[in-house]
Amino acid sequence: MKTTLSTCIVAVAALLAGTAMAGEPRGDAPGMRSDTDGDGRVSRAEATAAGSQRSGEWFDKVDRDKDGYVTQEELKQARETRSGHRHEKMKARMEERFSQADTNGDGQLSLDETQAKMPKLAERFNAVDTDKNGMLSKDELRHGHSGRARPQN
């Protein structure tokens with residue numbers, strides 16, 4: 001079990017380090033954090049050190065009880081926390097898009113408003129409008145985006 005957990009931790013840490021490094025600018029672009037000697041290139045040693053630092057930072061975040069070990073429960077908590085943050089971001093983004101599309105400020109979206117600001121939603125308007133009042137409420141949108149409502153042919 002310890003070997004499996006250790007292997008899993010090392011694999012996740014390597015994946016996170018690689019993902020973080022892949023998002024960095026390449027070449028001589030400013031802000032190359034891994035280029036510690038400032039020569040405009042990232043050597044294997046610099047990449048390894050940067051990956052090790054990121055792995056350590058990840059480990060410190062996940063090891064909530066600071067006992068020097070990451071348990072399955074701590075990994076589960078980290079996944080749940082990350083999932084919660086993603087959900088909150090998605091919810092905030094939807095609120096912002098709804099507000100932008102609701103040009104008359106009535107708290108609902110008409111077909112005209114969705115066609116103007118949310119054309120993909122407009123294609124599914126009738127399926128998402130479950131109460132068939134010609135307007136989309138935030139509640140209908142929450143349920144319509146879950147994949148249950150599909151265009152009717």
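## Confidence

pLDDT is the predictor's confidence in each residue, on a scale from 0 to 100. This is a predicted model. The protein chain has a mean pLDDT of 79. A pLDDT of 70 or more is reached by 74% of its residues.

Two stretches fall lower. Over residues 17-31, pLDDT stays under 50. The model gives residues 17-31 17 contacts beyond four places in sequence. Residues 146-153 also have pLDDT below 50. Beyond near neighbours in sequence, residues 146-153 have 10 contacts in the model.

## Nonpolar core

The largest nonpolar core has nine residues. They are F98, A101, L109, M118, L121, F125, V128, L136 and L141. Helix α3 (72-101) supplies at least two of these core residues. So does α6 (125-128).

L141 is one of the core residues. Leaving aside neighbours within four places in sequence, L141 contacts M94, F98, L109, L121, V128 and L136.

## The E46 site

E46 sits in helix α2, which covers residues 44-62. Is the E46 side chain buried or exposed? E46 is buried, and E46 has no salt bridge. R41 carries the nearest side chain of opposite charge, 7.4 Å away. A salt bridge needs a side-chain nitrogen of Lys or Arg within 4 Å of a carboxyl oxygen, so R41 at 7.4 Å does not qualify.

What does the side chain of E46 reach at 3.1 Å? The partner is the backbone nitrogen of T36. Leaving aside neighbours within four places in sequence, E46 is in contact with S34, D35, T36, D37 and R41.

Definitions and conventions. Residues are numbered from 1 along each chain as its sequence is written. This is a predicted model: local features need pLDDT of at least 70, side-chain atom pairs count only at pLDDT 80 or more; totals for chains, interfaces and linings use all residues. Side-chain values use heavy atoms; hydrogens and water are left out. Contact means heavy atoms within 4.5 Å. A nonpolar core is a set of buried Ala, Val, Leu, Ile, Met, Phe, Trp, Tyr and Cys residues joined through side-chain atoms within 4.5 Å. Buried means under 20% relative accessible area, exposed over 50%, partly exposed in between (1.4 Å probe, protein chains only). Helices (H or I, at least four residues) and strands (E, at least two) are DSSP runs, numbered from the N terminus. Lys and Arg count as positive and Asp and Glu as negative; His and the chain ends are not counted. A polar contact is a pair of N or O atoms within 3.5 Å; within protein, one must be able to donate a hydrogen and the other to accept it, and residues adjacent in sequence count only if both atoms are side-chain atoms.
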